[in-house]
Amino acid sequence: MLEDQTSIPVSGEQFVAALAEENQISLERLGRLSSAGEAPRGVTIEQLLRIALKNELEASEIAAIWMTTTSELDVKLAFARQCGDEAKHFRLIAERLGALHVDPDRIDPREGGYSPLFEYLRQLQSTTARVAAGQFTREGIALVRNQCFIDFCEARGDRETAQLYRDQIQPDERHHHELGRRLLERYAVAENEQQVARQAARHTLELAEEIQEMARLKAGISRAPGC
Ligand SMILES: [Fe+2]
Ligand SMILES: [Fe+2]
């Protein structure tokens, strides 16, 4: 029988480097989609921050669910940290909305139900799939989308919201993404684990692209930030 390429053992580091390259192609496309065309005049920063609240809540809740059912101690603690960070982002964004004269207590980000991405992530059971999808990939997506949102805020002359994202939120998202990278290098060692991790990362990107496209078609809100 012919030797299959995939049967050659790949180290955790090699695997993550290849996955990062694969992700990069989709992330660049997502960045282009996010900033494509003119943002409709009617779209406001307040509207986009409301969407951001939902994304932060979902990111925090997913990390909380996973924390309780992950046995590897370092991954469990990484989810705990992320859960707290995303809840902090929620609070910061709510405060910013307050400063923009939108009463955050009148917003319930659970309205409309959970997103398809949340539903997909929630049912992931494998630790490597969770880290690949939820931290390494989703946080990579957040970095790209938040940057598009920062550019939008600056174009609209809202330097304070841009600064909040640049100085407080983005460094955390970068940290989550890097944490995901280190944990994947450690745990995505066996071939089957690498397969599961790659699949989860791909599906997360597909869902993000679908959501992006829907947002663009529906309401021109493709500049909404990530988590
Ligand atoms: Fe995040
Ligand atoms: Fe966040």
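Is Glu 173 buried or exposed? Glu 173 is buried, with a relative accessible area of 0%. The legends below walk through this predicted model, beginning with the whole chain and then moving in on individual sites.

**Figure 1. The whole chain, built from 7 helices and 0 strands.**
Read from the N terminus, the elements follow the order α-α-α-α-α-α-α. The radius of gyration is 18 Å, close to the 17 Å that the globule rule gives for 227 residues, so the chain is as compact as a globular protein of that length. Its C-alpha trace spans about 65 × 35 × 30 Å along the principal axes. Buried residues make up 48% of the 227 in the chain. If you like contact maps, here is a number for you: among contacts between residues at least 6 apart in sequence, 86% join residues at least 24 apart.

**Figure 2. Close-up of the iron ion (ligand 1) and its glutamate donors.**
Glu 86, Glu 139 and Glu 173 coordinate this ion through OE atoms, and Glu 139 appears twice in the donor list. The distances run from 1.9 to 2.7 Å. Which geometry does the site have? With angles of 53 to 137 degrees among the 4 donor atoms, the site is irregular. Along the chain, the donors follow the spacing E-x52-E-x33-E. Glu 86 belongs to helix 3 (residues 73-99) and Glu 139 to helix 5 (residues 127-155), so this pair ties together parts that are 53 residues apart in sequence. Both Glu 86 and Glu 139 are buried.

**Figure 3. Close-up of the iron ion (ligand 2), with a histidine among its protein donors.**
Here the donors are Glu 56 (OE), Glu 86 (OE), His 89 (ND1) and Glu 173 (OE), lying 2.0 to 2.2 Å from the ion. The 4 donor atoms subtend angles of 85 to 145 degrees, which makes the arrangement irregular. A tetrahedral label would need all angles to lie between 85 and 135 degrees, and the upper end here is 145 degrees. In sequence, the donor residues are spaced E-x29-E-x2-H-x83-E. What separates the two iron ions, and which residue do they share? The iron ion (ligand 2) and the iron ion (ligand 1) are 3.5 Å apart, and Glu 86 coordinates both. Distant parts of the chain are linked here by Glu 56 in helix 2 (residues 45-68) and Glu 173 in helix 6, 117 residues apart. Glu 56 is buried, with a relative accessible area of 0%, and Glu 173 is buried with a relative accessible area of 0% as well.

**Figure 4. Aromatic pairs, two of the 3 found in a search of the whole structure.**
The rings of Tyr 114 and Phe 118 have centres 4.0 Å apart and planes at 15 degrees, so the pair is stacked. Tyr 114 is partly exposed, with a relative accessible area of 31%, whereas Phe 118 is buried at 1%. The other pair shown is Phe 149 with Tyr 165, which is edge-to-face: 5.0 Å centre to centre, with 75 degrees between the planes. This pair links distant parts of the chain, with Phe 149 in helix 5 and Tyr 165 in helix 6 (residues 159-187), 16 residues apart. Phe 149 and Tyr 165 are both buried. Back at Tyr 114, have a look at Arg 122, which lies over the face of the ring at 5.5 Å from the ring centre.

**Figure 5. Ala 188, in the loop between helix 6 and helix 7 (191-219).**
How accessible is this loop residue? Ala 188 is buried, with a relative accessible area of 0%. Neighbours within four places in sequence aside, Ala 188 is in contact with Gly 12, Phe 15, Thr 128, Glu 193 and Gln 194. For a sense of scale, the C-alpha atoms of Ala 188 and Gln 199, 11 residues apart along the chain, are separated by 12 Å.

**Figure 6. Ser 26, a residue of helix 1 (residues 12-35).**
With 14% relative accessibility, Ser 26 counts as buried, because buried means under 20% relative accessible area. Which residues does Ser 26 touch, not counting those up to four places away in sequence? The partners are Leu 205 and Glu 209.

Conventions:
Residues numbered from 1 in each chain as written. Chains lettered and ligands numbered in written order. Predicted model: local features only at pLDDT ≥ 70, side-chain atom pairs only at ≥ 80, totals over all residues. Heavy atoms only, no water. Donors = N, O, S within 2.8 Å, 3.2 Å for Na, K, Ca; no water. Tetrahedral: all angles 85-135°; square planar, octahedral: opposite > 155°, others 65-115°. Helix = DSSP H or I, 4+ residues; strand = E, 2+ residues; numbered from the N terminus. Buried < 20%, exposed > 50% of the residue type's maximum accessible area, 1.4 Å probe, protein only. Phe/Tyr/Trp six-rings, centres within 6.5 Å; stacked < 30°, edge-to-face > 60°. Lys NZ or Arg CZ within 6 Å of the ring centre and 35° of its normal. Contact = heavy atoms within 4.5 Å. Rg over C-alpha atoms; globule rule 2.2 N^0.38 Å.
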